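Open the model in your viewer and keep the selection box handy. Each stop below says what to select and what is there.

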Amino acid sequence: MKHYFHDFTAEGVKEPHRLYTGSWRTPTTVKYFGLSEDTLHSDAGFVLVKLVKPKVAVRTEGVPVLKEDAAKAFANIRVGDEASVKDFAEDYGSHYIRSLTIGDAVYQILALDREKYIRAKTDVLIEKKVSDFNKIYEEYLAPWIVKESGRVQAASGDSRVAEFLDERVVMKTQFNRYPSIFEIRKNDRLLDELEVLTRNTEAVIALVFRSIGALLPTVQAQDYYNEIVNTALALWEVNI
């Protein structure tokens, strides 16, 4: 899900998606990938296709003001005093929200056999042999080519949108029906209906965390704070 959380960042965190998915177990991953457990545990490669609908973006302006008790603990942070940094971070947190975007996102994950995945990645992303959207779909991502087409889902989890995606956003052939987010691109009516259904749905689709250490009065203090916090975050990332 690294690519799904592409717009979610946290200063000092190399893999911010793990802040959200680190505790996931197989049932949760199956639910949000929309794929079978067998496919999830195979050597398949995964392709994320996502349509994003941003509505409201909010950004912190100026210098954040800490509450009284937090401000006192923050003022006690000293260079060389590791405990002062750790105590503050444990009691009040290490980051603050710099910006966030509210909206909705419709997405689908496609699983490809490893050989087909490598071919698609090489041709489209690395060597850029193919750039036409329709050709990419027909040669690499069509339902009869992929190993499994995941369920088309909405980030908001809205039940009306989910029903619409399950029932309408499908490709129908003579003998089968496949969930396919590409049908939205092909059919303007589906896009119009989706616009109406997601008019009032909400999900956080982008989130940026900044280190509170940036609020310390000297560069030396900021660097020391970030060194302690980033080390702790790196250890956490390794262990989850």
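Start by selecting Asp123. This residue is buried, with a relative accessible area of 12%. Salt bridges with shared partners tie Asp123 into one network with Arg119, Glu127 and Lys129. Bear in mind throughout that this is a predicted model.

**Stop 1: the network around Asp123**

Add Lys129 to the selection. Its side chain meets that of Asp123 in a salt bridge, at 4.0 Å from N to O. Is Lys129 buried or exposed? Lys129 is exposed, because its relative accessible area is 59% and the cut-off for exposed is over 50%. Asp123, at 12%, is buried, so this salt bridge joins a buried residue to an exposed one.

**Stop 2: helix α6**

Now select residues 114-126, which form helix α6. Which residues of α6 are buried? They are Tyr117, Ala120, Asp123 and Val124. Look down the axis of α6: the buried residues fall within an arc of 145°, so they line one face of the helix.

Turn to the face pointing away from that buried side. Here you find the exposed residues Glu115 and Ile126.

Next, show what lies over the buried residues of α6. The cover includes β2 (45-59), β3 and α7 (133-141). Then step past the end of the helix to Lys128, which follows α6 and has a positive phi, near 50°.

**Stop 3: strand β8 and its partners**

Select residues 203-211 for strand β8, and residues 8-10 for strand β1. These two strands pair in the parallel sense, over three bridges. To see one partnership, pick Thr9: its bridge partner in β8 is Val208.

Keep β8 on screen and add strand β3, residues 95-112. How many bridges join β3 to β8? There are eight, and the two strands run antiparallel. Pick Tyr96 and look for its bridge partner in β8, which is Arg210.

While the strands are displayed, check the side chains. In a regular strand they alternate between the two faces of the sheet.

**Stop 4: two salt bridges within helices**

The structure holds twelve salt bridges. Two more of them are worth a visit here.

Select Lys72 and Glu68. Their side chains meet in a salt bridge, 3.7 Å from N to O. Why are the two about one helical turn apart? Because they sit four residues apart in helix α4, residues 68-75. Both Lys72 and Glu68 are exposed.

Move on to Lys86 and Glu82. This salt bridge spans 2.8 Å, N to O. Lys86 and Glu82 are four residues apart in helix α5 (residues 82-92), so about one helical turn separates them. Lys86 counts as partly exposed, at 37% relative accessibility. Glu82 is partly exposed too, with a relative accessible area of 38%.

**Stop 5: Val13 and Ala234**

Finish at Val13, in the loop between β1 and α1 (18-21). Is Val13 buried or exposed? At 10% relative accessibility, Val13 counts as buried, because the cut-off is under 20%.

Now add Ala234 and draw a distance between the two C-alpha atoms. Val13 and Ala234 are 7.2 Å apart in space, C-alpha to C-alpha, yet 221 residues apart in sequence.

Note on methods: Residues are numbered from 1 along each chain as its sequence is written. This is a predicted model: local features need pLDDT of at least 70, side-chain atom pairs count only at pLDDT 80 or more; totals for chains, interfaces and linings use all residues. Side-chain values use heavy atoms; hydrogens and water are left out. Buried means under 20% relative accessible area, exposed over 50%, partly exposed in between (1.4 Å probe, protein chains only). Two strands pair if DSSP finds at least two bridges between them. The arc is that of the directions from the helix axis to the C-beta atoms. Contact means heavy atoms within 4.5 Å.
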